[in-house]
Every structure is written in structure tokens, then in C-alpha cells.
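Subject: Structure for you to look at

Hello,

Below is the structure I said I would pass on. Please open it beside this message and follow along as you read.

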Amino acid sequence: MPDENVLFARESDAVPAVEEGTAENQTSKYLICISDGLLYGIDAEHVETIITDHTITRLPRVPHYVRGIINLRGQIIPVIDIRLRLGKPQADENCIMVVNEGSESMGILVDGVDKMVDVLQRSILPMPTQNPQKLISGMCSLPDGKTLLILDCSLLLHE
């Protein structure tokens, strides 16, 4: 039974501490896609599939960056052109990354898909405040020295 008059406990009585650095060393997987020479990372948990050759059906009266819809295994999915959405010129060569969050899916037209990387959460920095791009939630440096811009899928799907 512990003595109530003891102000400081002995080291042997201490509760084991949570291992330091575990939260600090957490990583997330990002799929890197390329658009207009820039690298964009999309959380791998949100990527459903990558399509390289699919017909996009155009729609009238949609924003200029919505290229149309695709039918993927019976599901109708809107497709946006990430270049146009971010104010860049349209490209001819591209592929579609189908991303989802919850029950909502969307196709993102990108120039290409590069690779999957593990990114330390503590290495992701916020975007500068003067940056007008709301769809980019952060940025980080990759081991090869290139900069990765993190796309916010929830904003992309709901905006």
C-alpha cells in the first residue's frame, strides 16, 4: 500500500511511458500522379483504380473542368480534369484515377501515375497562406529532392 505522505514516487513505481516517437514517425501511403510537370499525392486509401483507356461521355452545362462521365462496372462516375481544375491548359495524353471517399466516387484526369510512396506525417507542411489553391492541403519534399503537393480528396469530391 503506498504511503500517502510520499510526494515523489520511485522510478520503479512509475507507469510505463508510451514509447516516444511513435506518433512522430507515423507514415501514410500516397500515390503520386503527374499533371503539368507537378507531382501530386493522393492518399492511397482513396484510390480505387487507375484507368488508361476509357471513353468519357461529355455532358452539357457543367463547369469547364468537368470532362464528362464514365461507366465503370455499372457505376456512373464524373470525371474532372485536374489540369483545368487548377487553371492549367488541357493535355491530350492522360489516364483516369478513380478516387472515393465514403460512398462518393470521382475520376481525376491526370497526365500519368508515377509510384506509391510512404510519407512521414510530420514532414507534410501546410501550403503558404497566399496560395489560392484550396484543393492542395499540404506539401513535402521527397527523398529525391522533388516537391510533392498533397491533394485534398474530400475537397475535390465536394467542391
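Strand E2 and strand E10 (residues 147–151) pair in the parallel sense, over three bridges. To find one point of this pairing in the model, which is a predicted one, go to Gly 41: its bridge partner in E10 is Ile 150. Strands of a sheet pair through backbone hydrogen bonds, either parallel or antiparallel.

E2 and E10 sit within an open sheet of five strands, in the order E8-E1-E2-E10-E9. The pairing in this sheet is mixed. At its edges are E8 and strand E9 (136–141), each of which pairs on one side only. On average, neighbouring strands of the sheet are turned by 35° against each other, with direction ignored.

Next, the salt bridges. Side chains of opposite charge can pair when their charged atoms come close. How many salt bridges does a search of the whole structure find? The search finds six.

One of the six involves strands of the sheet. The side chains of Asp 118 and Lys 29 meet in a salt bridge, with 2.9 Å from N to O. Asp 118 belongs to strand E8 (residues 112–120) and Lys 29 to strand E1 (residues 27–35), so the pair links distant parts of the chain, 89 residues apart. Lys 29 has 45% relative accessibility and counts as partly exposed.

Arg 83 takes part in a salt bridge with Asp 36, at 3.5 Å from N to O. This pair also links distant parts of the chain: Arg 83 is in helix H1 (residues 82–85), while Asp 36 is in the loop between E1 and strand E2 (38–43), 47 residues apart. Is Arg 83 buried or exposed? Arg 83 counts as buried, because its relative accessibility is 11% and the cut-off for buried is under 20%.

Arg 83 forms a salt bridge with Asp 111 as well, and here the closest N and O atoms are 2.8 Å apart. Asp 111 lies in the loop between strand E7 (104–110) and E8, and Arg 83 lies in helix H1, so this salt bridge ties together parts that are 28 residues apart in sequence. Asp 111 counts as partly exposed, at 25% relative accessibility. Asp 36, Arg 83, Lys 88 and Asp 111 are linked in a network of salt bridges.

Asp 36 deserves a second look for its backbone. Most residues other than glycine have a negative phi, and most peptide bonds are trans. What is phi of Asp 36 near? The value is near 55°, which is positive in a residue other than glycine. Asp 36 is partly exposed, with a relative accessible area of 31%.

Arg 61 also has a phi near 55°, again a positive value in a residue other than glycine. Arg 61 is found in the loop between strand E3 (47–51) and strand E4 (66–72). With a relative accessible area of 87%, Arg 61 is exposed.

Two serines come next. Ser 105 lies in strand E7 and is buried, with a relative accessible area of 15%. The side chain of Ser 105 is joined to that of Gln 75 by a polar contact of 3.5 Å. Ser 154 lies in helix H2 (residues 153–158) and is partly exposed, with a relative accessible area of 25%. Where Ser 154 and Glu 101 are concerned, the sequence separation is 53 residues and the distance in space is 6.8 Å, C-alpha to C-alpha.

Last, the cysteines. A disulfide is a covalent bond between the sulfur atoms of two cysteines. The structure holds zero disulfides. Cys 33 is in no disulfide, and the nearest cysteine sulfur, that of Cys 95, is 8.0 Å away. Why is Cys 33 not in a disulfide with Cys 95? The 8.0 Å between their sulfur atoms does not meet the cut-off, because a disulfide needs the sulfur atoms within 2.5 Å. Cys 95 is likewise in no disulfide. Cys 33 is buried, with a relative accessible area of 1%, and Cys 95 counts as buried at 8% relative accessibility.

Regards

Notes. Residues are numbered from 1 along each chain as its sequence is written. This is a predicted model: local features need pLDDT of at least 70, side-chain atom pairs count only at pLDDT 80 or more; totals for chains, interfaces and linings use all residues. Side-chain values use heavy atoms; hydrogens and water are left out. A salt bridge is a side-chain nitrogen of Lys or Arg within 4 Å of a carboxyl oxygen of Asp or Glu. Helices (H or I, at least four residues) and strands (E, at least two) are DSSP runs, numbered from the N terminus. Buried means under 20% relative accessible area, exposed over 50%, partly exposed in between (1.4 Å probe, protein chains only). A polar contact is a pair of N or O atoms within 3.5 Å; within protein, one must be able to donate a hydrogen and the other to accept it, and residues adjacent in sequence count only if both atoms are side-chain atoms. Two strands pair if DSSP finds at least two bridges between them. Axes are lines fitted to C-alpha atoms, for helices over the stretch in contact, and angles run from 0 to 180 degrees between N-to-C directions.
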